[in-house]
Amino acid sequence: MMEQKVVLITGGSRGIGAATARRFAAGGCKVVINYHRSQAQAEALAAEIGGWAVQADVADPVQVGRMVDNVLDKYCQLDILICNAGIAQQKLFGDLTDDDWRRMFAVNVDGVFHAVRAGRIVTVSSMWGQVGGSCEVAYSAAKAAVIGLTRALAKELGPSGITVNCVSPGVISTEMNAHLDREALAALAEETPLGAIGTPEDVAEAIWYLSSDAARFVTGQVLAPNGGLVI
Ligand code: NAP
């Protein structure tokens, strides 16, 4: 279906991004794995799936511009962009510093803004961007901005034949949730109608669908692999 399409996945070195890289490689795509700090993991994954690992801090427009130019130099095309790179932080609102706030937006929102250049775009928000999370005000605000960006950009780029959609995961088992102990995870699973924490592969399948020809008439939408935790 998507033979030889070139996909760039930001934050592809670990977690949801790594599962997405594997899913697109299995689907016949050439996969570019962007990473920031996890060089060894990104290069091991690239070797595993026959992809290409490229370093760039998505918060830095110069680094992202150089990365996209390098992809275009190497492959002469960039068909699909997955804006997945993200950071989270749990802090009381009163403890948030200006730097905390700026870095949250620099990576999660500016990182999308800098990278947008492809025929199909999928952004990654969070259920907290939809309903707000206590002690995650900066993260919730940034992820809500990603949804707003997705919807507006879908309207603007639709006439050019470009789709822009968003996945908004619930609680997914990755290092981002390493601060949650076993009891907290069990409580979240119990709260979830489908009775479990999600896997990175659950999110990767949603991203794959939104990037596929099967979703050619879908744009500006938020697809939420969250087990029903937010409906
Ligand atoms: P993760 O395991 O912590 O991985 C985060 C990824 O983002 C890593 O590959 C990391 O790269 C990359 N990254 C972070 N800062 C970056 C930067 N400045 N430039 C480039 N890459 C950067 O997190 P995850 O759970 O897979 O999360 C992936 C996305 O899903 C994020 O946008 C997150 O907000 C969203 N999400 C996650 C959950 C969840 O429960 N896990 C729920 C909802 C939404 P390096 O390691 O190379 O630095």
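# Close-up views of a predicted model

**View A. Asp213 and its two salt-bridge partners.** Asp213 is partly exposed, its relative accessible area coming to 34%. Like everything else in these legends, that value comes from a predicted model. One partner here is Lys5: the two side chains meet in a salt bridge, with 3.7 Å from N to O. That pair ties together distant parts of the chain, since Asp213 sits in the loop between helix 8 (200–211) and strand 7 (222–223), while Lys5 belongs to the segment before strand 1 (6–9), 208 residues apart. Lys5 is partly exposed too, at a relative accessible area of 23%.

The other partner in this view is Arg120, which makes a salt bridge with Asp213 whose closest N and O atoms are 4.0 Å apart. Again the link spans distant parts of the chain: Arg120 is in strand 5 (residues 120–124) and Asp213 in the loop between helix 8 and strand 7, 93 residues apart. Arg120 has 13% relative accessibility and so counts as buried, because the cut-off for buried is under 20%. Put the two pairs together and you get one network, in which salt bridges with shared partners join Lys5, Arg120 and Asp213.

**View B. The Glu175–Arg14 salt bridge, with Gln41 alongside in contact.** The structure holds 8 salt bridges, and this view picks out the one between Glu175 and Arg14, whose closest N and O atoms lie 3.1 Å apart. Here, too, distant parts of the chain are linked: Glu175 is in the loop between strand 6 (163–167) and helix 7 (182–191), Arg14 is in the loop between strand 1 and helix 1 (15–26), and 161 residues separate the two. Glu175 is exposed at 52% relative accessible area, whereas Arg14, at 36%, counts as partly exposed.

Gln41, in helix 2 (residues 39–49), touches Ser13, Arg14 and Glu175, leaving out residues up to four places away in sequence. That contact list includes both members of the salt bridge. From C-alpha to C-alpha, Gln41 and Arg14 are 7.2 Å apart in space, with their positions 27 residues apart in sequence. At 40% relative accessibility, Gln41 counts as partly exposed.

**View C. A buried glutamate with no salt bridge.** Which side chain of opposite charge is nearest to Glu136, and how far away is it? It is Lys143, at 9.8 Å. Glu136 is buried yet has no salt bridge, and the distance shows why: a salt bridge needs its nitrogen and oxygen within 4 Å. Glu136 is found in the loop between helix 5 (127–131) and helix 6 (137–157). Setting aside neighbours within four places in sequence, what Glu136 does contact is Ala88, Gln89, Gln90, Lys91 and Trp128.

**View D. The ligand and its surroundings.** Count the residues around the ligand and you get 33, the closest being Ser13, Ser38, Asn84, Tyr139 and Thr174. Three atom pairs are worth picking out here. A ligand oxygen is 2.5 Å from an N or O atom in the side chain of Ser38. With Val58 it is the backbone that takes part: one of its polar backbone atoms is 3.0 Å from a nitrogen atom of the ligand. Gly170 also offers a polar backbone atom, 3.4 Å from an oxygen atom of the ligand. As for how much of the ligand is covered, it exposes 890 Å² when taken alone, and the protein buries 95% of that.

**View E. Thr20 in helix 1.** Is Thr20, in helix 1, buried or exposed? Thr20 is buried, with a relative accessible area of 0%. Beyond residues up to four places away in sequence, Thr20 touches Ile9, Ala204 and Ile207. The C-alpha atoms of Thr20 and Ala206 are separated by 9.4 Å, although the two residues are 186 residues apart along the chain.

**View F. Asn177 in a loop.** Asn177 is found in the loop between strand 6 and helix 7, and Glu175 from View B belongs to that loop as well. Asn177 counts as buried at 19% relative accessibility, whereas Glu175 is exposed at 52%. Not counting residues up to four places away in sequence, Asn177 touches Val171 and Ile172.

Technical notes: Residues numbered from 1 in each chain as written. Predicted model: local features only at pLDDT ≥ 70, side-chain atom pairs only at ≥ 80, totals over all residues. Heavy atoms only, no water. Helix = DSSP H or I, 4+ residues; strand = E, 2+ residues; numbered from the N terminus. Buried < 20%, exposed > 50% of the residue type's maximum accessible area, 1.4 Å probe, protein only. Lys, Arg positive; Asp, Glu negative; His and termini not counted. Contact = heavy atoms within 4.5 Å. Near = heavy atom within 4 Å. Polar contact = N/O pair within 3.5 Å; in protein donor to acceptor, adjacent residues only side chain to side chain. Areas by Shrake-Rupley, 256 points an atom, 1.4 Å probe, with all protein chains shown as cover.
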